[in-house]
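Q: Got a minute to go through this one with me? Let's start with the core.

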Amino acid sequence: MEFFIDGGDQPAFIAYPITQVFLLFILLLLISIELIISAIENVMFQTLSSEAQQRYLNAETKPMISFKWLRNLYLRLLGHDQKRPEEAIELDHNYDGIRELDNNLPPWWVYMFYATMLFGVVYLVRFHLIHDYDQTQEFEQELAQAQIDIENYKKTAKNLVDVNTVSLLTDASDLKAGKTIFENNCVACHMTDGGGGIGPNLTDTHWILGGGIKKVFETISEGGRDGKGMIAWKQSLKPLEMAQVASYVIGMQGQTPANPKAAEGDILWPEELPSLEKAKE
Ligand code: HEC
């Protein structure tokens, strides 16, 4: 029903109550088929000679595959002693016909009980006598592991960076990727060497919008002042790509471009060159 009828976000048999009638009909059909078959079987059975009937019954009751060992194992685990008659273990009280048998405890239960005792001894020695470790230590260990996991996750999920978490990338591969992004998107206004054109000089210490990896990332992501021409790149670049190109831009600090544009902006960063340590802020 669910396969063939689309009930939207509800199960089909609730969305279309008529299908319930259909299911009920199928059920009745199956029951009547069962009844008819057993009636036919009965009629045919009556027509057999009594010897054939006996043979038929024997064949009927013999299971196709016999799991005798499985059954025996099961009985042994239950502690059933089949040879002992019930009268031997019957207790001598009888309440309104309700009698009680003095069965052995089932071995599966007894063994489990022994196991808990063993566990208890090991636990007692390990945690109350030797003081292996306690809950606080266990908690701190898990916390430290979680911290490591988070770090690893961040490494594989570099695209999670945003303006608050971005840091200067120094891997050669990241800077190379940043260079490619810069050459594909930014040179029209900032020149290949960052000397500037429509956009400001990126190699000097003067910034209109602010220097440092976080500010540069923000400028690239959100764009410059309205109407100046620097668009918000977050539409077309992924966070990691913006971090790469921002790191590449930071790396241009202090270089001497062929045609440097006059310095613009009142924000000084870094205060003196080349102190790229600051870029890591
Ligand atoms: C259409 C021209 C244009 C393109 C393309 C362009 N920019 Fe800009 N960029 C500008 C202008 C204009 C400004 C100055 C914005 C302002 O004054 O608000 C600017 C400012 C900046 C600043 C801030 C400079 C400062 O002094 O604060 C950075 C960093 C920057 N761009 C990086 C990039 C990067 C990286 C790319 C490529 C992904 C890029 N720009 C592409 C025109 C452009």
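Q: Which residues touch the most other members of the largest nonpolar core?
A: Phe217, Val245 and Ala246 do, out of 20 residues in that core. A nonpolar core here is a set of buried Ala, Val, Leu, Ile, Met, Phe, Trp, Tyr and Cys residues joined through C-beta atoms within 7 Å. Buried means 20 or more other C-beta atoms within 10 Å of a residue's own, with C-beta atoms placed from the backbone.

Q: Which elements give two or more residues to this core?
A: α8, α10 and α11, and the largest share, seven residues, is from α11. Helices are DSSP runs (H or I, at least four residues), numbered from the N terminus.

Q: Is this predicted, and how are residues counted?
A: Yes, it's a predicted model: local features need pLDDT of at least 70, side-chain atom pairs count only at pLDDT 80 or more, and totals for chains, interfaces and linings use all residues. Numbering runs from 1 along each chain as its sequence is written.

Q: What is Ala246 in contact with?
A: Ile213, Val216, Phe217 and Ile220, leaving aside neighbours within four places in sequence. Contact means C-beta atoms, placed from the backbone, within 7 Å.

Q: And how many residues of α11 are buried?
A: Ten of its 13, among them Glu241, Gln244 and Tyr248. The buried residues of α11 pack against α8 and α10.

Q: Switching to the ligand: which residues come nearest?
A: Cys186, Cys189, Gly199, Gly224 and Met230, of the 26 around the ligand. Near means a C-beta atom, placed from the backbone, within 6 Å. α8 (172-185), α9 (187-190), α10 (213-222) and α11 (239-251) each give two or more residues to that shell.

Methods: A residue is buried if 20 or more other C-beta atoms lie within 10 Å of its own, exposed if 12 or fewer, and partly exposed in between; C-beta atoms are placed from the backbone. Two residues are in contact if their C-beta atoms, placed from the backbone, lie within 7 Å.
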